[in-house]
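This report describes the fold and selected residues of one protein chain. The sequence and the structure are shown below.

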Amino acid sequence: MPTREKNGAADTLTFQATECAICGPGIPAQELYPANFDVDDITPARFSARRLPDRVHYRMVKCARCGLVRSDPVLDEATLAYLYKESTFDYEAETANLKATYGRYLAKLRSLSRRQESLLEIGCGDGFFLEQALAQGYTTVRGVEPSEAAIRDASPVVRDQIVCDVMRPGLFRDGEFDAVCLFQVFDHVPHPEAVLEACRAALRPGGLTLCLNHNVESVSAHLMKERSPIIDIEHTYLYSPATMRRIFEAGGFKVLKQGHVRNTYSVGYITHLVPLPARVKGMALGTLQRSRVGKISVPVPLGNLYLIAGRL
Ligand SMILES: [Zn+2]
C-alpha cells in the first residue's frame with residue numbers, strides 16, 4: 001500500500017478493500033482497470049465538485065454476480081470524509097442550467113405523489129437546488145453537505161437549513177420528509193447501501209427518492225472506456241440502469257420511474273465537449289463566443305441516468 005508523510009488528513013494513507021454493495025462479501029469480481037494514481041494525487045482539490053476530469057482513478061472492478069462496478073480498494077472513510085470536508089464548490093457558473101435540469105426531474109417526482117411539502121437533499125453543495133425546491137412549492141427544505149466552503153457560499157435563504165455532515169442514521173427524525181434527492185452523489189459514497197437505509201428512514205412511508213448520477217453503460221462510457229471522465233478517483237461506485245434498480249429494490253424501495261437524463265447545457269459548452277480537430281473547434285468556439293447562439297441552452301443526453309423510487 002502507498003504511504004507518505006503527513007499532509008493534513010493522516011500520517012499514513014490507508015486503504016480498505018470494498019465489497020459489492022448489492023451482493024455483499026465473498027463474491028468474485030473482475031478487474032476492469034488497474035489503479036493509476038500516485039499518493040500525491042490525494043488532495044482535497046481532487047475531491048472538489050465538478051473539477052475538470054484528470055483521468056486519475058482507483059483500481060476498478062465489476063461484480064461477477066450482479067455487474068455493479070466499484071473501486072477496490074479505496075481510501076479509508078476518515079480520510080475520504082476529511083477530503084470532502086476540505087473540498088470546494090467551483091461551479092456557480094453552471095448552477096442556472098443545473099437548476100433547470102434537476103428541476104425537470106423534481107417535477108416528474110411531484111407528478112407521482114400528491115403530498116409533497118418537505119424535501120431533503122444529500123450533497124447539496126451551496127444549496128442552489130434547495131432554492132429550486134422552494135420555488136416549486138416545498139415549504140420545508142433541508143440539505144446535508146460535507147464541504148464547509150460550499151455552505152459558506154449558500155444563499156441566506158437556505159444556508160441555515162444545511163447540515164455540515166455526511167448522510168448517516170439519526171441525522172434526521174424518522175419519517176421527516178416527503179422527498180429525498182441525490183444529484184451526482186450516489187457514485188461518491190463509500191457505502192451506498194447504508195446511505196439508502198438512512199434515506200429510507202428519513203422518508204415517510206410512501207415518500208419518494210430521486211437519484212441522478214452517471215451511467216456506466218452510456219454510449220460515451222463504452223466508447224471512451226478508461227479515458228471516460230466517469231472513471232475517476234472520486235467515484236467509489238458506478239451504476240447501470242440495471243444495478244441502480246437492483247440496489248434500490250434491495251434497500252426496500254419500489255422503482256417507479258427510470259430513464260436517461262437530458263442535461264441542459266449552453267451550445268458553447270457542448271461544442272467544447274465535442275471531439276473536433278483543435279483548429280476547427282477553436283474557430284467554432286470563436287464564432288459562438290461572438291454570437292448569441294453560443295449562450296443558448298439546450299437539453300442533451302450526456303450519459304446520466306435518473307431513478308425515482310418510493311419507500312415501501
Ligand atoms: Zn454484486
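## Exposure of residues

A residue counts as buried if 20 or more other C-beta atoms lie within 10 Å of its own, as exposed if 12 or fewer do, and as partly exposed in between. Glutamine 184 has 19 other C-beta atoms within 10 Å and is therefore partly exposed, given that burial requires 20 or more. The structure is a predicted model, and the exposure classes used in this report are computed from it.

Across the protein, 39% of the 312 residues count as buried.

## Confidence of the model

The average pLDDT of the protein is 89, and 92% of the residues score at least 70. Residues 1-10 stand apart in this respect, since pLDDT stays under 50 over that stretch. The model nevertheless has 13 contacts beyond four places in sequence for residues 1-10. Where pLDDT is low, the predicted coordinates should not be read in detail.

## Overall fold

The protein contains 9 helices and 13 strands. Its C-alpha trace spans about 55 × 50 × 40 Å along the principal axes. For 312 residues, a compact globule would have a radius of gyration near 20 Å, and the 19 Å of the protein agrees with this.

Contacts between distant parts of the chain are frequent: among contacts between residues at least 6 apart in sequence, 76% join residues at least 24 apart.

## Two domains

The protein is divided into domain 1 (15-86) and domain 2 (94-264 + 305-311). The centres of domain 1 and domain 2, taken over C-alpha atoms, are separated by 20 Å. In the contact between them, 26 residues of domain 1 meet 27 residues of domain 2. On the side of domain 1 that touches domain 2, the elements giving two or more residues are β4 (69-71) and α1 (77-86). The largest share of that side, 5 residues, comes from α1.

Threonine 43 is located in the loop between β2 (29-33) and β3 (60-63). With 14 C-beta neighbours inside 10 Å, threonine 43 counts as partly exposed. The C-alpha atoms of threonine 43 and leucine 83 are 6.8 Å apart, although 40 residues separate the two along the chain.

## The nonpolar core

The largest nonpolar core has 76 residues. Which of them touch the most other members? They are Ala179, Val180, Ala202, Leu210, Tyr306 and Leu307. Strand β9 (residues 177-183) gives the most to this core, with 6 residues. The core draws at least three residues from each of domain 1 (15-86) and domain 2 (94-264 + 305-311).

Tyrosine 306 touches Tyr105, Leu210, Cys211, Leu212, Gln258, Gly259 and Val261, not counting residues up to four places away in sequence. One of these partners, glycine 259, lies in strand β12 (residues 253-266). Glycine 259 is partly exposed, with 13 other C-beta atoms within 10 Å. Between glycine 259 and asparagine 304, which are 45 residues apart in sequence, the C-alpha to C-alpha distance is 8.8 Å.

## Backbone features in loops

The peptide bond from aspartate 72 to proline 73 is cis, with omega near 0°. Proline 73 is placed in the loop between β4 and β5 (74-75).

Where are the residues with a positive phi that are not glycine? Glutamine 184 has a phi near 50° and sits in the loop between β9 and α5 (192-202). Lysine 225 also has a phi near 50°, a positive value in a residue other than glycine, and is found in the loop between α6 (219-224) and β11 (237-238). Lysine 225 counts as exposed because it has 10 C-beta neighbours inside 10 Å, whereas glutamine 184 is partly exposed.

## Helix α9

Helix α9 (residues 278-290) has 13 residues. From its first C-alpha to its last, α9 reaches 18 Å, close to the 18 Å expected at 1.5 Å a residue. How many residues of α9 are buried? The count is 1 among its 13 residues, and α9 is hardly covered. An α-helix has 3.6 residues a turn, so residues three or four places apart point the same way.

Definitions and conventions:
Residues numbered from 1 in each chain as written. Predicted model: local features only at pLDDT ≥ 70, side-chain atom pairs only at ≥ 80, totals over all residues. Helix = DSSP H or I, 4+ residues; strand = E, 2+ residues; numbered from the N terminus. Expected span 1.5 Å × (residues − 1). Rg over C-alpha atoms; globule rule 2.2 N^0.38 Å. Contact = placed C-beta atoms within 7 Å. Core = buried A, V, L, I, M, F, W, Y, C linked by C-beta atoms within 7 Å. Domains from an automatic or database assignment. pLDDT = per-residue confidence, 0-100.
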